[in-house]
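Biologist: I have a chain to go through at the bench. Could you show it, and then take my questions?

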Amino acid sequence: MKKRLIFLFATFLLPNICWSQGNPDIMFQDVQKITWKTHKDSLQKIIKYMNNHPSNDYYYLYWNAYAHYMDYFNYKLTIAAEEKKAQQCLDQASKSLSKISKSNSETLALQSLIDGLKLNFTNIFLLPIKAGKVGKLAERAIELDPKNPRAYYALAIYDFYTPKMYGGRKQVESNLVKAISIPTIIPENTKDPQWGITESYLYLIRFLKEENQKSKAQHYLQEAKSKFPDNPTFLQYKL
């Protein structure tokens with residue numbers, strides 16, 4: 001795995017998040033808008049809100065973990081003090097997920113992504129063992145729910161950052177294509193996670209570009225522009 005998984009491709013913006021101080025329905029709508037570019041102050045408001053609500057509620061625990069996971073991208077691993085904060089974000093994310101009584105496809109997919117980032121802080125001699133566990137978490141997430149796009153995204157990210165010499169980057173494209181191809185119906189005011197589709201497009205386009213498959217990359221870029229016409233990253237993307 002690459003040593004420094006930091007802030008890669010974290011350039012797309014969604015509408016500003018207007019935090020609700022009391023309405024949980026609005027809060028969960030706002031949480032769905034979190035991106036890699038969400039400022040740490042906004043993420044801390046989410047975390048504080050989730051901490052002040054039922055500690056055993058699945059949705060509060062899940063989104064607390066997700067907010068901590070996304071907060072990781074606000075710190076630079078090249079700066080010692082920030083590196084420690086980044087590691088703490090991942091530890092807190094794992095701690096929140098561990099409080100969920102029964103794991104499911106969503107929690108395992110998120111845990112795979114969290115543990116993948118933790119490899120940045122792993123002893124090199126333990127890296128192969130722990131990296132393998134990251135992949136197994138994503139595979140188990142797919143087994144539990146073959147229609148979960150975030151499970152395929154997690155497995156693709158694991159494969160994306162696994163060097164070719166260790167068998168990586170063989171199924172990145174296929175898993176990301178699966179992630180973006182799964183039909184999704186988003187109920188109004190849902191608390192269930194909906195993230196992962198935009199991220200899958202970004203990594204798919206990036207992967208194809210790195211593999212010198214520009215025509216394919218262009219195809220998916222145009223498809224992403226059609227699906228997300230208001231997303232500035234796709235509109236401004238240059239191959």
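Biologist: What span in Å should helix α2 have, at 1.5 Å a residue?

Modeller: This is a predicted model, where local features need pLDDT of at least 70, side-chain atom pairs count only at pLDDT 80 or more, and totals for chains, interfaces and linings use all residues. Residues are numbered from 1 along each chain as its sequence is written, and side-chain values use heavy atoms, without hydrogens and water. Helices are DSSP runs (H or I, at least four residues), numbered from the N terminus. Helix α2 holds twelve residues, 40-51, and its end C-alpha atoms are 16 Å apart, which agrees with the expected 16 Å.

Biologist: Why do the buried residues of α2 lie on the same side?

Modeller: Buried means under 20% relative accessible area (1.4 Å probe, protein chains only). The buried residues of α2 are Ser42, Leu43, Ile46, Ile47, Tyr49 and Met50. They sit on the same side of α2 because, taking directions from the helix axis to the C-beta atoms, they cover an arc of only 160°.

Biologist: Which elements are included in what covers those buried residues of α2?

Modeller: Contact means heavy atoms within 4.5 Å. The cover includes α1 and α3 (58-71).

Biologist: Is cysteine 89 buried or exposed?

Modeller: Cysteine 89 lies in helix α4, residues 80-98. Not counting residues up to four places away in sequence, cysteine 89 touches His68, Asp71, Tyr72 and Tyr75. Its relative accessibility is 5%, so cysteine 89 counts as buried.

Biologist: What separates the C-alpha atoms of cysteine 89 and tyrosine 69?

Modeller: Along the chain, the two residues are 20 residues apart. Their C-alpha atoms are separated by 6.1 Å.

Technical notes. Helix = DSSP H or I, 4+ residues; strand = E, 2+ residues; numbered from the N terminus. Expected span 1.5 Å × (residues − 1). Buried < 20%, exposed > 50% of the residue type's maximum accessible area, 1.4 Å probe, protein only.
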